[in-house]
Amino acid sequence: MKHILLPTDFSENSWNAISYAIQLYKNEECTFYLLNTYTPVVYNVEYVLGYPAQFGLGDVIRTTSQENLKKTLLRITNLFGENPKHKFETAARFDTLISGIKEFIVTHNIDLLVMGTKGATGAKEILFGSNTVHVFKEIKCPILAIPSGFTYETPHEILFPTDLEIKHKDSQLQILKDIVLKNYSRINAMHISTGHDLTENQEQNKANLKSIFEHTAYLFHEVKSMNIAEAINEFQTKHKINLLVMINNKHSFYENLFFKNTVNQIGFHLNIPFLVIPSKT
């Protein structure tokens with residue numbers, strides 16, 4: 001059984017992510033955890049410096065959170081009906097988003113976190129707001145980010161850019177393999193060349209990646225380009241990609257692409273879900 005965490009602030013953006021997760025795993029046994037974290041509008045220095053959980057819960061805010069979680073469960077039932085394979089639990093936490101997610105992942109053995117995201121500017125071409133980027137940085141768990149307004153599509157075509165600098169482990173990519181096998185998806189592994197031949201280490205990692213996906217539809221693409229973001233954007237448009245997947249490993253092009261310069265200037269023209277897998281859990 002999979003354990004899937006669904007953080008929600010009761011916005012349509014977060015509802016979109018909940019809806020996507022339920023449809024993606026409609027044929028699998030899952031426990032979905034709806035988590036709402038909240039903090040008071042006015043707080044003191046002790047609160048900021050300490051852990052929010054050390055302080056008493058505000059009854060009104062807590063009750064509102066719990067009532068909204070009940071409404072969300074009712075909305076799920078009304079839209080998707082009763083699925084005997086799905087179980088739902090709710091949690092209202094007086095905590096910050098990152099702290100609340102970290103604690104929940106440890107205590108509930110979470111396999112995947114699914115969250116809605118939209119750009120800080122509200123512009124469609126900016127995929128990530130600051131909350132999402134902080135979650136990517138801080139949370140060591142696979143994260144599936146669903147763009148605002150995205151309508152569910154079965155992920156038949158998956159794009160997996162890699163710099164081939166690290167050897168992937170089968171266990172690390174299990175969450176991706178599950179999606180591929182359940183949906184009869186095709187993996188499009190893509191290496192973006194900067195004009196140099198692959199090193200011996202990269203050739204070995206390329207062969208290892210192929211062996212991990214040997215029982216699936218798997219294609220390897222060598223793309224000549226100096227601009228990584230441009231190459232990914234172009235490929236995902238041309239090949240009707242439904243899901244983008246990346247490994248968040250230190251010192252990779254992933255880190256250079258997302259965490260250099262200012263977060264708000266990320267220029268990815270993405271309108272598809274994005275799965276981020278940590279190199280280490």
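This is a short chat about a predicted model and how its strands and helices fit together.

User: Before we start, what should I know about the model?
Analyst: It's predicted, so local features need pLDDT of at least 70 and side-chain atom pairs count only at pLDDT 80 or more, while totals for chains, interfaces and linings use all residues. Residues are numbered from 1 along each chain as its sequence is written, and side-chain values use heavy atoms, with hydrogens and water left out.

User: Cool. What order do the strands of the open sheet have?
Analyst: The 10 strands go β3-β2-β1-β4-β5-β10-β9-β6-β7-β8, with mixed pairing. Strands are DSSP runs of E, at least two residues, and helices are runs of H or I, at least four, numbered from the N terminus. Two strands pair if DSSP finds at least two bridges between them.

User: Which strands stand at the edges?
Analyst: β3 (86-94) and β8 (217-224); each has a single partner strand, so one side of each is left without a neighbour in the sheet.

User: And what joins β5 to β10?
Analyst: 3 bridges, and the two strands run antiparallel. Leu 144 has Leu 275 in β10 as its bridge partner.

User: Switching to helices: how many residues of α1 are buried?
Analyst: 11 of its 13, so α1 is largely enclosed by the rest of the structure. Buried means under 20% relative accessible area, exposed over 50%, partly exposed in between (1.4 Å probe, protein chains only). Among the buried ones are Trp 15, Ile 18 and Tyr 20.

User: What about α4, which residues are buried there?
Analyst: Ser 99, Gly 100, Ile 101, Phe 104 and Ile 105. After α4 comes Asn 109, with a positive phi near 50 degrees.
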